[in-house]
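User: I am new to this structure and would like a close look at a single part of it, the place where the two chains meet. Please take me through that part in one connected account.

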Amino acid sequence: MKELSLHILDIVQNSIRAKASKIELRITEDIDNNQFEIQITDNGIGMDKVFLDKVTSPFVTSRKTRNVGLGISLLKQNAEQSGGFFTINSESNKGTIIKAVFEHQNIDRPILGDVAGTMTLLIGANPQIHFIYLHKKELEQFYFDTEEVKNEIDTIPIQHPDILKALKELINENLNDIKATIN
Amino acid sequence: MKVKSLADLRKIKDEVHEKIKLREQSENAEQIVQIKVAMATCGIASGAKEIMSYIIDELDYSGIDGVVTQTGCMGYCYAEPTIEVKLPGKAPVVYGFVTKGKAKEIIERYIIKGELVDGVIPVTYRTIDE
Ligand SMILES: Nc1ncnc2c1ncn2[C@@H]1O[C@H](COP(=O)(O)OP(=O)(O)OP(=O)(O)O)[C@@H](O)[C@H]1O
Ligand SMILES: [Mg+2]
């Protein structure tokens, strides 16, 4: 994947398939420690211990259309190639936490890219899901929560194209404000 | 006006509300075009995100009432990005190797005019796995 935002889109697809009703993306940039961390937490069906232990293998999937599952192994590989690491924790009927840590300055770390586009695309296609996005850059942070948005726009559907456009702008403006590293 | 805070969002709310009221009068759930974009790893790696945003923008721009959602792996990894288009009263059709140009053609010729557009993946078996 060319951008981390595409990995995020992909990993969130797993959470959606796992019937999560709440999905949280947390990006933490720690310049001093040269770390760029992505964490995705969901409250979906989770995985049992046996499945979890083998899930980073590309030959493990619950799909019926094919017998490889690439999303997790690609992200893990990308993190490890960028001087970082990958962890996954999950519990049946509770949810899953995925963490991919990259060296911030590593030349092999893909850029974050269009994370605002990823978020609004996910919101538009899954308006019933509660999405949270927290981006921390050193002492600054931006917090985005679709429940807050829904309260604000009350009867207007969050997936309305004009609302999604506005949300994309809102996210980009705020990321710009905290000097988030997008490119 | 730049949208930067929830307060700014509140300001555009009324505008959007008016637009929705105008549309509702002509709208009927049965008349809506439904498009699903395959969003598994193979789809995303082949550019499904860009295609999905493009389709959303084009439908909006052309004033077509449509819902664009995502679906899992449709089993056509070799042909990603793939999209399924369902016109009112018709059977769903799956297109493969969808570029922006192809998407434009599908919207302008198939969705608007009802003409046949090639690139359809024949439905031998269908297992959309969600
Ligand atoms: N958040 C999650 N909750 C529950 N199960 C998960 C979650 N993420 C992954 N899994 C399980 O792990 C399997 C492997 O995931 P992975 O993303 O690597 O591949 P995939 O989703 O099966 O296929 P692909 O990503 O290639 O489209 C999934 O099929 C699913 O069974
Ligand atoms: Mg996956």
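Analyst:
**Where chain B meets chain A**

In this predicted model, 34 residues of chain B are in contact with 41 residues of chain A. The size of an interface is often given as the accessible area lost when the parts come together. For chain B and chain A, the buried area comes to about 3300 Å², and carbon and sulfur atoms give 62% of that figure. On the chain B side, the residues that lose the most area to chain A are B:Lys4, B:Thr41 and B:Lys49, which together make up 20% of what that side buries.

Two of these residues can be followed further. B:Lys49 forms a salt bridge with A:Asp114, in which the closest N and O atoms are 2.8 Å apart. Side chains of opposite charge can pair when their charged atoms come close. Between chain B and chain A there are 7 salt bridges in total, while the structure holds 21 over all chains. Polar contacts add to this picture, with 12 residue pairs counted between chain B and chain A where both residues have pLDDT 80 or more.

The side of chain B that touches chain A draws two or more residues from each of helix H1 (6-26), helix H2 (41-45), helix H3 (48-61) and strand E2 (66-71) of chain B. The largest share comes from H1(B), which provides 9 residues. By class, the residues on this side of chain B divide into 17 nonpolar, 8 polar and 9 charged.

B:Thr41, the other residue to follow, leads to the ligand. Ligand 1 lies between chains A and B, and of the 21 residues around ligand 1, those that come nearest are A:Asn14, A:Thr61, A:Ser62, A:Leu70 and B:Thr41. B:Thr41 therefore appears in two lists, as a residue within 4 Å of ligand 1 and as one of those in chain B that lose the most area to chain A.

Several chain A residues place polar atoms by the oxygen atoms of ligand 1. A polar backbone atom of A:Gly71 is 3.1 Å from an oxygen atom of the ligand, and a polar side-chain atom of A:Arg17 lies 3.4 Å from an oxygen atom of ligand 1. For A:Gly69, a backbone N or O atom is 3.5 Å from an oxygen atom of ligand 1. On its own, ligand 1 has 590 Å² of accessible area, and the protein covers 95% of that area.

The elements that give two or more residues to the shell around ligand 1 are helix H1 (4-17) and helix H3 (71-81) of chain A. H1(A) gives the most, with 3 residues. The shell as a whole has 8 nonpolar, 9 polar and 4 charged residues.

Helix H3 of chain A also has a salt bridge within the chain, formed by A:Glu80 and A:Lys76, with the closest N and O atoms 3.2 Å apart. Because A:Glu80 and A:Lys76 are 4 residues apart in this helix, about one helical turn separates them.

A detail of the backbone in chain B completes the account. Most residues other than glycine have a negative phi, and most peptide bonds are trans. The peptide bond from B:Glu80 to B:Pro81, however, is cis, with omega near -5 degrees. B:Pro81 is placed in the loop between E2 and strand E3 (83-86) of chain B, and E2 is one of the elements that give two or more residues to the side of chain B touching chain A.

Terms used. Residues numbered from 1 in each chain as written. Chains lettered and ligands numbered in written order. Predicted model: local features only at pLDDT ≥ 70, side-chain atom pairs only at ≥ 80, totals over all residues. Heavy atoms only, no water. Polar contact = N/O pair within 3.5 Å; in protein donor to acceptor, adjacent residues only side chain to side chain. Areas by Shrake-Rupley, 256 points an atom, 1.4 Å probe, with all protein chains shown as cover. Nonpolar A, V, L, I, M, F, W, Y, C, P; charged D, E, K, R; others polar. Contact = heavy atoms within 4.5 Å. Buried area = accessible area lost by both parts, 1.4 Å probe. Salt bridge = Lys/Arg side-chain N within 4 Å of Asp/Glu carboxyl O.
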